[in-house]
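Here is a short briefing to read alongside the model. Please keep the viewer open as you go.

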Amino acid sequence: MKEDTNKLLAEVNGKKIYQEDVYQLMQNIEDNQRFNSEEGLHILADEMINQEILLADAYNEGYDKDKEFVDELELVKNNMLKNYAMHKIFEQVKLDEAEVKQYYEANKETLNPPVLYEASHILVNDLAEAQKIKEEIDKGLEFAVAAKKYSIDPSKANGGSLGKFPKGVMVKEFQDGLDSINIGEVSKPIKSQFGYHLIKLENKENVDTPSFDKIKDQVYQRLLMVKRQEAYLDKLSKIKKDLDIKKYY
């Protein structure tokens, strides 16, 4: 015979506690297997009774009318309402496969950059030092040895190696420097927000973009995010004109 998971276990001032409620509480407890017995079930049921007793007393004490509680409740309610309003906007966004495929065709390179770089770099604080190191490398000092000796970047431990990475991962100045040299060459000093880089391009390979069928789910999620953002901004543009908005920044 099937167990009745909706068995009534207790009542506190008319508030019914069912076995199903206890199971639900159990799901939210880390290491909940220790309660997976009749004794454990009763322990959790007792705690639910205790919580209802505490709740009843809180109402009797008038805590629900305390300003601190009311203000906190209003904050929680407003945050929940914001999330719900966002949900209502997002649920209106629907995509079909034809639209997803069209987005894939138009954005192949940004979805899966077709160029993969392998490079190393040396990072120092000033231009003069970078130029001095470049001269040493040009005279025969191995790049990896120079990186271990001079670089302030953590990659120095690996001879400056950054491994493989797609286009667009690095800051623009670094990427531009990378694209200015051929495989095996070392760049002139490149300034970025981090300091001055000497970049050695170890390898550069073209990568085949996966077929639509292979990354269909990824493309769907990407387009869904784009469409949701568009719907959100469109909604804001329609409603904010009716509100009194002042900016002080």
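How many bridges join β3 to β4, and do the two strands run parallel or antiparallel? Four bridges join β3 to β4, and the two run antiparallel. Strands here are DSSP runs of E with at least two residues, helices are runs of H or I with at least four, and both are numbered from the N terminus. This is a predicted model, in which local features need pLDDT of at least 70, side-chain atom pairs count only at pLDDT 80 or more, and totals for chains, interfaces and linings use all residues. Residues are numbered from 1 along each chain as its sequence is written, and side-chain values use heavy atoms, leaving out hydrogens and water.

**The sheet**

- Four strands form an open sheet in the order β4-β3-β6-β5, with antiparallel pairing (two strands pair if DSSP finds at least two bridges between them).
- At the edges are β4 (161–166) and β5 (190–192), each of which pairs on one side only.
- From one strand to the next, the twist averages 45 degrees (axes are lines fitted to C-alpha atoms, for helices over the stretch in contact, and angles run from 0 to 180 degrees between N-to-C directions).
- Strand β3 (residues 115–124) is joined to strand β6 (residues 195–206) by ten bridges, and this pair runs antiparallel.
- Ser120 stands opposite Lys200 in β6.
- Leu116 faces partners in two strands: Glu205 stands opposite in β6, and Pro166 is the bridge partner in β4.
- Eight of the ten residues of β3 are buried, leaving this strand mostly covered (buried means under 20% relative accessible area, exposed over 50%, partly exposed in between, with a 1.4 Å probe and protein chains only).

**Helices on the sheet**

- Helix α6 (residues 127–138) packs on the sheet and touches β3 and β6 (contact means heavy atoms within 4.5 Å). The direction of α6 makes about 45 degrees with that of β6.
- Helix α8 (residues 172–179) also packs on the sheet, touching β3, β4, β5 and β6, and its direction makes about 55 degrees with that of β6.
- The buried residues in α8 are Phe174, Gln175, Gly177 and Leu178. Seen down the axis of α8, they fall within an arc of 160 degrees, so they line one face of the helix (the arc is that of the directions from the helix axis to the C-beta atoms).
- The cover over these buried residues of α8 includes β3, β4, β5 and β6.

**Nonpolar cores**

- The largest nonpolar core has twelve residues, among them Ile122, Ile133, Phe143, Tyr150 and Leu198 (a core is a set of buried Ala, Val, Leu, Ile, Met, Phe, Trp, Tyr and Cys residues joined through side-chain atoms within 4.5 Å).
- Two or more residues of this core come from each of β3, α6, α7 (143–150) and β6, and α7 gives the largest share, four residues.
- Ile133 is in contact with Ile122, Val124, Ala146, Tyr150 and Leu198, leaving aside its neighbours within four places in sequence.
- Another core lies apart from this one and has eleven residues, including Tyr104, Ile215, Leu223 and Leu224.

**A buried loop residue**

- Ser155 is found in the loop between α7 and β4, and counts as buried at 7% relative accessibility.
- Neighbours within four places in sequence aside, Ser155 is in contact with His121, Gly160, Ser161 and Leu162.

**The annotated region**

- UniProt, in an unreviewed entry, lists residues 114–203 as "domain: PpiC" (positions are given in the numbering used here, feature names are shortened, and annotations may be inferred rather than shown by experiment).
- Over residues 114–203, the chain is 31% helix and 31% strand, with the end C-alpha atoms 14 Å apart.
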